[in-house]
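The following exercises concern a single protein chain. Each task is followed by a solution that proceeds in steps.

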Amino acid sequence: MTTAMTETASTDVTSELTSLDRCDSCGAQAYVRATMPAGGVLLFCAHHASKHREKLTGLGAQWHDETAKLHAANDRSI
Ligand SMILES: [Zn+2]
């Protein structure tokens, strides 16, 4: 019996958000992840991301933004 070291980092800051990720403020699907310098992670929908971005990036948060996915999905309705 062989044991492979297949442990993966689930908190990788570069990993994409999924439909299972939810906004910490309202519970909608999250499109932005803010990783704080201390290691905490906050998830936001596009609305709350824009609301909190200035404050959190000012605190040194790493901003992972996937709101372009939303715009791409909405293009056809414009
Ligand atoms: Zn929200």
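**Exercise 1. Architecture and confidence**

The protein comprises two helices and three strands, as seen in a predicted model.

Task: State the order of the elements from the N terminus, and identify which element has the lowest and which the highest mean pLDDT.

Solution. Step 1: read from the N terminus, the order is β-β-α-β-α. Step 2: for the protein, the mean pLDDT is 85, with 74% of residues at 70 or more. Step 3: among the elements, the lowest mean, 80, belongs to helix α2 (residues 68-74), and the highest, 98, to helix α1 (residues 46-58). Step 4: over residues 6-10 pLDDT stays under 50, and the model has zero contacts beyond four places in sequence for them.

**Exercise 2. The hairpin**

Task: Describe how β1 and β2 are joined, and name the residue with a positive phi in their hairpin.

Solution. Step 1: β1 and β2 run antiparallel and are joined by four bridges. Step 2: one partner pair can be named, in which Thr 35 is bridged to Val 41 of β2. Step 3: five residues lie between the two strands of the hairpin, and Gly 39 there adopts a positive phi near 110°.

**Exercise 3. Geometry of α1**

Task: Compare the span of α1 with its expected value, and locate its kink.

Solution. Step 1: α1 has 13 residues. Step 2: the expected span is 1.5 Å times one less than the number of residues, which gives 18 Å for α1. Step 3: the span in the model, from the first C-alpha to the last, is 18 Å, close to that expectation. Step 4: α1 nevertheless has a kink of about 55°, centred on His 52. Step 5: just after the helix, Gly 60 takes a positive phi of about 95°.

**Exercise 4. The nonpolar core**

Task: List the residues of the largest nonpolar core, and determine which strands each supply at least two of them.

Solution. Step 1: the core has nine residues, namely Ala 30, Tyr 31, Val 32, Ala 34, Leu 43, Phe 44, Cys 45, Ala 49 and Ala 61. Step 2: at least two of these come from each of β1 (32-35) and β2 (41-44). Step 3: for Ala 30, the contacts beyond four places in sequence include Leu 43, Phe 44 and Cys 45, together with Leu 17, Asp 21, Arg 22 and Cys 23. Step 4: in the protein as a whole, 13% of the 78 residues are buried. Step 5: such a grouping may be set beside a general rule, that nonpolar side chains tend to be buried together in soluble globular proteins.

Methods
Residues are numbered from 1 along each chain as its sequence is written. A nonpolar core is a set of buried Ala, Val, Leu, Ile, Met, Phe, Trp, Tyr and Cys residues joined through C-beta atoms within 7 Å. A residue is buried if 20 or more other C-beta atoms lie within 10 Å of its own, exposed if 12 or fewer, and partly exposed in between; C-beta atoms are placed from the backbone. Two residues are in contact if their C-beta atoms, placed from the backbone, lie within 7 Å. Two strands pair if DSSP finds at least two bridges between them. pLDDT is the predictor's confidence in each residue, from 0 to 100. The bend at a residue is the angle between axes fitted to the seven residues ending there and the seven starting there.
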